[in-house]
Amino acid sequence: MKRGFYTIMAAQFFSSLADNALLIAAIALLIEMHAPDWMKPLLKLFFTVSYVMLAPFVGAFADSMPKGKVMLVTNAVKIVGCALMFFSVHPLLAYAVVGFGAAAYSPAKYGILTELLPPEKLVAANGWIEGTTVGSIVLGTVLGGALISPGVSGFLLAADLPWIDTGVDSPAEMAILVIALCYALAAWFNLRIPDTGARYPEQQRNPVRLVVEFGHCCVVLWKDKLGQISLAVTTLFWGAGATLQFIVLDWARAHLGMPLDKAAILQGIVALGIAVGAVSAARMIRLRESLRVLPVGVAMGLLVPMMTLVTTQWAAWPLLVLIGGLAGFFVVPMNALLQHRGHVLLSAGHSIAVQNFNENLNILLMLGLYSLLLKLELEVNLVIVMFGGFVAATMLAVIALHRANQRRFDSVALIGEPKH
């Protein structure tokens with residue numbers, strides 16, 4: 001890999017670390033406010049809505065200047081959202097501002113890979129980026145849980161500066177202050193991301209034309225026989241993954257009697273499995289072989305209902321690692337294939353914006369449905385079985401669509417073709 005790739009990885013790691021730690025801190029704030037349980041999944045929903053609302057515009061923004069500069073500016077927006085939470089703005093609104101920054105950050109962080117690296121390195125690059133991202137999820141959730149735990153938060157709160165009133169009076173506020181430092185470290189790495197030299201025609205600024213152009217980009221990717229398969233899989237994966245985050249928290253409380261700071265570690269265990277699966281896929285799967293991993297998604301969906309049989313923490317860990325491992329193994333090649341087709345047919349920023357729109361629209365739908373199921377007070381075991389069955393059935397439908405496409409013509413032969 002080129003040297004700049006590792007700087008991108010570092011910037012992504014610390015920015016994502018802060019995002020995930022902040023989610024746990026925001027949940028702790030809601031608990032301190034005695035907010036209802038159904039409001040917790042709405043944190044992720046408010047974070048995600050920006051990806052959908054801004055999708056027609058962030059692609060053009062990402063292609064309007066060097067990607068490293070885009071990442072620096074959007075990371076600064078995340079810092080503003082973190083600060084709003086510290087200054088008593090409602091956690092839902094403050095986390096929405098963080099999501100605003102993340103939505104504009106994403107096309108740059110993935111789009112720069114297609115500018116920096118040749119197609120044959122995209123699976124490996126995505127494996128390491130996803131592995132790094134998931135590593136940040138593991139450490140971010142653990143960091144968030146640790147910062148709000150009585151021992152760590154008590155130590156940090158007792159270490160107030162003499163004669164200075166910092167205004168930090170609760171574990172959640174102290175956690176937010178530490179997390180802001182993680183965003184600052186990400187910004188330091190953003191400053192060191194190299195300019196790839198890629199330049200695009202002057203981007204459209206008329207909002208109506210941007211929406212029309214974005215709609216055209218969506219149609220192009222969904223009509224492409226490889227684009228539609230990879231886009232369907234990644235859309236399912238991110239919607240299911242966001243929902244699984246909250247399912248694990250509720251399942252840990254109901255089945256294992258674990259409080260939030262301990263249950264957050266189980267989120268990290270799932271993410272650890274995803275990292276292992278992602279890195280394994282990077283080493284074992286070439287871009288041309290990416291569609292062979294589709295059955296692994298079915299296996300993951302069928303494995304999820306096994307959670308209902310687990311009653312001890314020691315049995316939970318290997319199962320969650322396996323579920324995460326299968327998820328990481330099948331999504332990384334699909335992500336690389338989608339980036340490749342998007343780069344061939346569109347541009348780096350626009351293709352990632354289309355991907356983010358579809359993936360995060362599904363996150364909104366699935367989290368909204370999950371919040372509704374909580375409000376209806378459905379038992380967590382029933383929700384888990386429904387969730388696993390939905391993932392398996394959807395992956396079977398995607399496999400059937402791919403086989404039907406192949407009967408018309410060999411779409412796999414398109415993998416590796418140069419940009420149009």
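**Exercise 1. Find how many disulfides the structure holds, then check Cys-82 and Cys-218.**

Step 1. Apply the rule: a disulfide is a pair of cysteine sulfur atoms within 2.5 Å. Searching the whole structure gives zero disulfides.

Step 2. Take Cys-82. The nearest cysteine sulfur belongs to Cys-182 and is 9.1 Å away, and Cys-82 is in no disulfide. Cys-82 is buried, at a relative accessible area of 1%. Here buried means under 20% relative accessible area, exposed means over 50%, and partly exposed lies in between (1.4 Å probe, protein chains only).

Step 3. Take Cys-218. The nearest cysteine sulfur is that of Cys-217, 7.1 Å away, and Cys-218 is in no disulfide. Cys-218 is buried too, with a relative accessible area of 12%.

A note on the basis: this is a predicted model, in which local features need pLDDT of at least 70, side-chain atom pairs count only at pLDDT 80 or more, and totals for chains, interfaces and linings use all residues. Residues are numbered from 1 along each chain as its sequence is written, and side-chain values use heavy atoms, with hydrogens and water left out.

**Exercise 2. Count the salt bridges and place three of them.**

Step 1. Apply the rule: a side-chain nitrogen of Lys or Arg lies within 4 Å of a carboxyl oxygen of Asp or Glu. The count comes to four salt bridges.

Step 2. Start with Asp-19 and Lys-78. Their closest N and O atoms are 2.9 Å apart. Asp-19 lies in helix H1 (residues 3-32) and Lys-78 in helix H4 (residues 67-86), so the pair ties together parts 59 residues apart in sequence. Helices are DSSP runs (H or I, at least four residues), numbered from the N terminus. Asp-19 counts as buried at 10% relative accessibility, and Lys-78 counts as buried at 2%.

Step 3. Go on to Asp-224 and Arg-341. Their side chains meet in a salt bridge of 2.8 Å, N to O. Asp-224 sits in the loop between helix H9 (207-223) and helix H10 (225-256), while Arg-341 is in helix H13, 117 residues apart. Asp-224 is buried at 10% relative accessibility. Arg-341 is buried at 1%.

Step 4. Finish with Arg-253 and Asp-250. The closest N and O atoms of this salt bridge are 3.8 Å apart. Both residues are in helix H10, three residues apart, so about one helical turn separates them. Arg-253 is partly exposed at 45% relative accessible area. Asp-250 is buried at 15%.

**Exercise 3. Describe the largest nonpolar core and the contacts of Met-307.**

Step 1. Define the core: buried Ala, Val, Leu, Ile, Met, Phe, Trp, Tyr and Cys residues joined through side-chain atoms within 4.5 Å. The largest one has 142 residues.

Step 2. Name the residues with the most contacts inside the core. Among them are Leu-22, Trp-251, Met-307 and Phe-330.

Step 3. List partners of Met-307. Contact means heavy atoms within 4.5 Å. Leaving out residues up to four places away in sequence, Met-307 touches residues including Trp-251, His-255, Leu-320 and Ile-384.

**Exercise 4. Place Val-321 and Val-332.**

Step 1. Val-321 is in helix H13 (residues 313-345). Val-321 is partly exposed, with a relative accessible area of 31%.

Step 2. Val-332 is also in helix H13. At 0% relative accessibility, Val-332 is buried.

Step 3. Pair Val-332 with Ala-282. They are 50 residues apart in sequence and 7.5 Å apart in space, C-alpha to C-alpha.

Note on methods:
Helices (H or I, at least four residues) and strands (E, at least two) are DSSP runs, numbered from the N terminus.
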